[in-house]
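Let's take a walk through a protein together, starting with the overall picture and then stopping at a handful of side chains. Keep the viewer open as you read.

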Amino acid sequence: MRLFNTCRALLRQLVSCPFYLFRRHCCSRNHRHNLADSRPLLGRSRTSNLSAGGGHCFDMACCASGDKQFQNVLLLSISFMLIFTSFQTMGNIEQTVLKSIQNDTPGFNGDGYTSLSIIYGVFSISNWLAPSIVALFTAKYSMIFGAVLYTAFIASFLYPLTWLLYLMSAVLGFGAAVIWTAQGSYLTLCSNEITMSRNSGMFWAILQSSMFFGNSFVFWQFEGKQDIDRYTRNLVFSVLTGVAVVGVAVMCLLRTPQSDDDQAVRPPPSDVPQEGALTALKQAVQLFTRPNMILLAFTFFYTGIELSFFSGVYSTSVGFTNRFPEAKRLVGLCGILVGLGEVSGGAIFGLLGSRTVKHGRDPIILLGFLSHTVAYYCVFINLPDLSPLNPTDQVSYLRPPSVILVMLCAFLMGFGDSCYNTQIYSILGGLYPDKSAPAFALFKFTQSAAAATSFYYSSILTLRIQLAILQTFCVLGTLTFFQVEWASVKKAASVQTPGESCVEEEDETEGSTRYAKD
């Protein structure tokens, strides 16, 4: 045990070194940041974030206890990066690889779209149970449980059986609900209103770097192959399984978040685990009927259908377009460029989190909207209409189709997805700091239900119909997010200024504490 603790401490120090200057930069900037000129988050007293001396950010907690909290976020990010190096790579190549397995394995008729639809369908339903599981077993051990199920799903591809594929898809859907609900709760516990935007951006950037490693490996392994042979498949599956195992090991190093005595560190939410599993479930049901959550559901739904498109449908469409040279190899390249876009967005919004919070979340969402709109138009003119369904020689509007546009679209979809997801994490952490597990569970419920629906119709509908659906919900999801953001800013503007008397009362619309004038 002493050796284990020593190794764990050493690993944490090694992990934190590359980001040490980044943390110092954020802390020093927050010391200089005047919250009187920024928008406070809903449900927080502005006076709680002001130093007694002169109205500057009371960020001693960020420097004193922030080391532990920052290391927790880093370890959390790295463990997810390793686990999703396996899963996101698998999701990117699953339909393409399963088509090859069908060609040389008699009796196997597993379909990648069906598998992914099962995953996200069970994921959606299981999100109603996930807050209760997190309440019973804590965020850390719930994440480890989910990570083990992800690893088991990847390993099942070494034994291509149709019934095993669909069974493990359902098992993974349950594990995904648990791991993502616990992750949202854990990230909230390790953050405060000052660091939430930074931490969510950093988590997203590190997580999405997983798209580089797994897809670079696939890009190299699939070189010159029109059909993915058994040896290549087993090598890829074995490596991805090993990476997931390492991710589980890193996750075991996580500390239990501690609020200590620092005012800037958010105390543990009341729903985890003090009030029990039944209370967590009741809170999730009640939260789902709140006006802001209903409006945000349109944004959540859009992120689900665009997630399924860029993580499975788009790369499959590229791989099925026979007019590309080495189309199968481009599947890995698409994943790399999506990852580059995700990391770029997460890194930018993480590094500039203290500045972007001044201007609100809506400019970033608008940037995501523009990125996705341009990407969908380029996909429309570049890929043939039948490309999501089967290998095709059909021509597109561009003759021949452009590899440059394939790369640009992948980058823009990843960057836009990062815009939406980092701001959803930020707004949920701000609106529901004491109900983080139910809030993130509802987010994942709606998102995964949308993804399951999208994967189901992806095996039926042609590309242009899918793009029309995506663009429609892109507009709706963006407008509803704007409405919630503007309403929260308006309410925050009425928060008591320092020096005036205030009375704390319960906000009936959100169930969170607000401050109003006497």
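What follows moves from the whole chain to rings, charges and a few single residues.

First, a word on where the coordinates come from: this is a predicted model. The protein has 18 helices and two strands, so you will be hopping from helix to helix for most of this tour. Of its 518 residues, 61% are buried. Contacts reach far along the sequence too: among those with a separation of 6 or more, 82% are between residues 24 or more positions apart. On the outside, the protein exposes about 19700 Å², and carbon and sulfur atoms supply 66% of that area.

Let's begin on that surface. Which residues form a nonpolar patch there? They are Leu136, Phe137 and Tyr141, with about 370 Å² of accessible area together. If you select Leu136, you will find it in helix H6, which covers residues 130-155. Leu136 has a relative accessible area of 57%, and because the cut-off for exposed is over 50%, Leu136 counts as exposed.

Now for the rings. How many aromatic pairs does a search of the whole structure find? The search finds 23 of them. Take Tyr120 and Phe123 as one example: their ring centres are 6.2 Å apart and their planes meet at 35°, so the pair is tilted. Both residues belong to helix H5 (residues 112-126), where they sit three residues apart, about one turn of the helix. Tyr120 is buried at a relative accessible area of 8%, and Phe123 is buried as well, at 5%.

A second pair brings together parts of the chain that are distant in sequence. The rings of Phe300 and Phe443 have centres 4.8 Å apart and planes at 55°, so this pair is tilted. Phe300 lies in helix H12 (residues 291-319) and Phe443 in helix H17 (residues 436-458), with their positions 143 residues apart in the chain. Both Phe300 and Phe443 are buried. Rings can also gather in groups: Phe80, Phe84, Phe87, Tyr150, Phe153, Phe157, Trp180, Phe203 and Phe237 form one aromatic cluster. Try showing these nine side chains together in your viewer.

Next come the charges. Side chains of opposite charge can pair when their charged atoms come close. How many salt bridges are counted here? The count comes to one. It joins the side chains of Arg233 and Asp104, at 3.2 Å from N to O. This pair, too, links distant parts of the chain: Arg233 is in helix H10 (residues 230-251) and Asp104 is in helix H4 (residues 66-104), 129 residues apart. The two partners differ in their surroundings, as Arg233 counts as buried at 4% relative accessibility, whereas Asp104 counts as partly exposed at 30%.

Another arginine has a ring for a partner. Arg464 lies over the face of Phe380, at 5.6 Å from the ring centre. You can find Arg464 in helix H18 (residues 463-493). Is Arg464 buried or partly exposed? With a relative accessible area of 27%, Arg464 is partly exposed, because that class runs between the 20% and 50% cut-offs. Leaving out residues up to four places away in sequence, Arg464 touches Phe380, Asp385 and Tyr397. There is a long step in sequence here as well: Arg464 and Val379 are 85 residues apart along the chain, yet their C-alpha atoms are 9.0 Å apart in space.

Two buried polar residues make good final stops. Asp417 belongs to helix H16 (residues 403-431) and is buried, with a relative accessible area of 2%. What does Asp417 touch, not counting residues up to four places away in sequence? Its contacts are Trp204, Glu306, Phe310, Glu342 and His372.

The other stop is Asn199, in helix H8 (residues 196-208). Asn199 is buried, and its relative accessible area is 0%. Beyond the neighbours within four places in sequence, Asn199 is in contact with Val73, Leu187, Cys190 and Ser191.

Note on methods:
Residues numbered from 1 in each chain as written. Predicted model: local features only at pLDDT ≥ 70, side-chain atom pairs only at ≥ 80, totals over all residues. Heavy atoms only, no water. Patch = residues over 30% accessible without salt bridge, like charges linked within 9 Å, V, L, I, M, F, W, Y side chains within 5 Å. Areas by Shrake-Rupley, 256 points an atom, 1.4 Å probe, with all protein chains shown as cover. Salt bridge = Lys/Arg side-chain N within 4 Å of Asp/Glu carboxyl O. Helix = DSSP H or I, 4+ residues; strand = E, 2+ residues; numbered from the N terminus. Buried < 20%, exposed > 50% of the residue type's maximum accessible area, 1.4 Å probe, protein only. Contact = heavy atoms within 4.5 Å. Phe/Tyr/Trp six-rings, centres within 6.5 Å; stacked < 30°, edge-to-face > 60°. Lys NZ or Arg CZ within 6 Å of the ring centre and 35° of its normal.
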